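Trainee: I should like a close look at one part of this model, namely its salt bridges and the helices that carry them. Could you take me through that part in one connected account?

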Amino acid sequence: PPLDPDIDVLTAREQEVMRYLARGYAYKEIARRLSISVKTVETHASAVLRKLQLSSRNELARWAYDRRLVE
């Protein structure tokens with residue numbers, strides 16, 4: 001598949017967090033699934049939104065679905 005330059009700016013962990021966020025998971029659930037702290041999830045979520053120049057989880061969900069990164 002062609003590379004998406006928007007995705008390439010995210011680290012592997014940020015991409016994982018982004019997919020969970022786009023699916024509507026709560027920070028606490030993401031933290032549990034990835035075995036990291038809620039604060040770390042918050043940090044990754046903030047970085048994802050900043051790097052993708054999005055302002056909310058709703059925008060992130062739409063962005064991810066439009067690119068078929070989540071179903």
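Mentor: Helix H2 spans residues 12-22 and contains both arginine 13 and glutamate 16, which stand 3 residues apart, about one turn of the helix. In this predicted model, the side chains of these two residues form a salt bridge with an N to O distance of 3.1 Å. Glutamate 16 is partly exposed, because its relative accessibility is 34% and the partly exposed class runs between 20% and 50%. Arginine 13, at 29%, is likewise partly exposed.

A second pair involves another residue of H2. Glutamate 14 and lysine 51 are joined through their side chains in a salt bridge of 2.9 Å, N to O. Lysine 51 belongs to helix H4 (residues 38-52) and glutamate 14 to helix H2, so this salt bridge ties together parts that are 37 residues apart in sequence. As to accessibility, glutamate 14 is buried, because its value of 6% falls under the 20% limit. Lysine 51, with 30% relative accessibility, is partly exposed.

A third pair is found in helix H3, residues 27-34, where glutamate 29 and arginine 32 are 3 residues apart, about one turn of the helix. Their side chains meet in a salt bridge at 2.8 Å, N to O. Arginine 32 counts as exposed because its relative accessibility is 56%, which is over the 50% limit. Glutamate 29 has a relative accessible area of 24% and is partly exposed. This pair also belongs to a network of salt bridges that links Glu29, Arg32 and Arg33. The model has 5 salt bridges by this rule, among them the pair of glutamate 29 and arginine 32.

The relation between H2 and H3 can now be described. Two packed helices are characterised by the angle and the distance between their axes. The axes of H2 and H3 come within 10 Å and cross at roughly 135°. The two helices are therefore oblique to each other, and H2 passes H3 in a right-handed crossing. On the H2 side, the residues in contact are Arg13, Glu16, Val17, Tyr20 and Leu21; they meet Tyr27, Ile30, Arg33 and Leu34 of H3. By class, this contact has 6 nonpolar and 3 charged residues, with no polar ones. Arg13 and Glu16 thus appear in two roles: their side chains form a salt bridge, and both residues take part in the contact of H2 with H3. Arg33, for its part, belongs to the network with Glu29 and Arg32 and is one of the H3 residues that meet H2.

Definitions and conventions: Residues are numbered from 1 along each chain as its sequence is written. This is a predicted model: local features need pLDDT of at least 70, side-chain atom pairs count only at pLDDT 80 or more; totals for chains, interfaces and linings use all residues. Side-chain values use heavy atoms; hydrogens and water are left out. A salt bridge is a side-chain nitrogen of Lys or Arg within 4 Å of a carboxyl oxygen of Asp or Glu. Helices (H or I, at least four residues) and strands (E, at least two) are DSSP runs, numbered from the N terminus. Buried means under 20% relative accessible area, exposed over 50%, partly exposed in between (1.4 Å probe, protein chains only). Axes are lines fitted to C-alpha atoms, for helices over the stretch in contact, and angles run from 0 to 180 degrees between N-to-C directions. Angles under 35 degrees count as roughly parallel, over 145 as roughly antiparallel, 65 to 115 as roughly perpendicular and the rest as oblique. A crossing is left-handed if the near helix is turned anticlockwise from the far one by less than a right angle, and right-handed if clockwise. Contact means heavy atoms within 4.5 Å. Ala, Val, Leu, Ile, Met, Phe, Trp, Tyr, Cys and Pro count as nonpolar, Asp, Glu, Lys and Arg as charged, and the others, Gly among them, as polar.
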